[in-house]
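Visitor: I have a model open and would like to know how its labels are earned. Could you walk me through the reasoning?

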Amino acid sequence: LKQLKEDILAKEKEIQPAIQKESDKYRKVIMEFEEELKTYQGGLRKEAFYFYKSGLEKAQKHLGEVQVKLRTFGERMDDLTKIATNFEYAKDTTGKIKELI
């Protein structure tokens, strides 16, 4: 049992650089996703339907497209939240993203 614990610690130490590399990669992906959401949200505020200028029918069609896009963002956020949780930085990143959605 003692040997097994030592083997585990040695393996953890061996793979730590790879874990850190992946962690850094996904932290960057999450930050890019957050920026993408901010940009999309800002773009929506400039849309004609946001100012009630496009008419009901056109606005409803566009809102349907927006809902599809938001579902896609939600699915990506769920995936990234799982990754962030596994790397133990979910609280640092996903709280900001949830505020945007």
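Guide: Happily; the questions below go from the overall fold to single contacts, bearing in mind that this is a predicted model.

Visitor: What makes up the fold?

Guide: The protein has 3 helices and 0 strands, so along the sequence the pattern reads α-α-α. Of its 101 residues, 20% count as buried.

Visitor: How do you know that H2 has a length close to the one expected?

Guide: H2 has 31 residues, and at 1.5 Å a residue 45 Å is expected. From first C-alpha to last, H2 reaches 44 Å, which is close to that value. After H2 comes Glu 88, with a positive phi near 65°.

Visitor: Why is the pair of Phe 33 and Phe 73 called tilted?

Guide: The ring centres are 5.8 Å apart, and a pair needs centres within 6.5 Å, so Phe 33 and Phe 73 qualify. Their planes meet at 55°, which is neither under 30 degrees nor over 60, so the pair is tilted. Both Phe 33 and Phe 73 are buried.

Visitor: What makes this pair a tie between parts of the chain?

Guide: Phe 33 lies in helix H1 and Phe 73 in helix H2, so the pair ties together parts that are 40 residues apart in sequence. Ring pairs also link Tyr 40 with Phe 33 and Phe 73 into a cluster.

Visitor: How do you know that the charged end of Lys 69 sits over the ring of Tyr 40?

Guide: The charged end of Lys 69 is 5.9 Å from the ring centre of Tyr 40, and the distance limit is within 6 Å, so that part of the test is met.

Visitor: What makes Arg 76 and Glu 36 a salt bridge?

Guide: Their N to O distance is 3.1 Å, and the cut-off is within 4 Å, so the contact counts. Arg 76 is in helix H2 and Glu 36 in helix H1, 40 residues apart.

Visitor: Why is Glu 34 called buried, and Lys 38 partly exposed?

Guide: Glu 34 has a relative accessible area of 11%, and buried means under 20%, so Glu 34 is buried. Lys 38 is at 38%, between that limit and 50%, so Lys 38 is partly exposed. The two side chains meet in a salt bridge of 3.5 Å, and they are 4 residues apart in helix H1, about one helical turn.

Visitor: What makes the nonpolar surface patch?

Guide: Leu 1, Leu 4 and Ile 8 make a patch of about 340 Å². Ile 8 has a relative accessible area of 43%, and a patch residue needs over 30%, so Ile 8 passes that test.

Notes: Residues are numbered from 1 along each chain as its sequence is written. This is a predicted model: local features need pLDDT of at least 70, side-chain atom pairs count only at pLDDT 80 or more; totals for chains, interfaces and linings use all residues. Side-chain values use heavy atoms; hydrogens and water are left out. Rings of Phe, Tyr and Trp (its six-membered ring) pair if their centres lie within 6.5 Å; planes under 30 degrees apart count as stacked, over 60 as edge-to-face and the rest as tilted. Helices (H or I, at least four residues) and strands (E, at least two) are DSSP runs, numbered from the N terminus. Buried means under 20% relative accessible area, exposed over 50%, partly exposed in between (1.4 Å probe, protein chains only). A charge sits over a ring if NZ of Lys or CZ of Arg is within 6 Å of the ring centre and within 35 degrees of the ring normal. Patches are made of residues with over 30% relative accessible area and no salt bridge: like charges are joined within 9 Å, nonpolar side chains (Val, Leu, Ile, Met, Phe, Trp, Tyr) within 5 Å. Accessible areas come from the Shrake-Rupley method with a 1.4 Å probe; for residues, only the protein chains shown count as cover. The expected span of a helix is 1.5 Å times one less than its number of residues.
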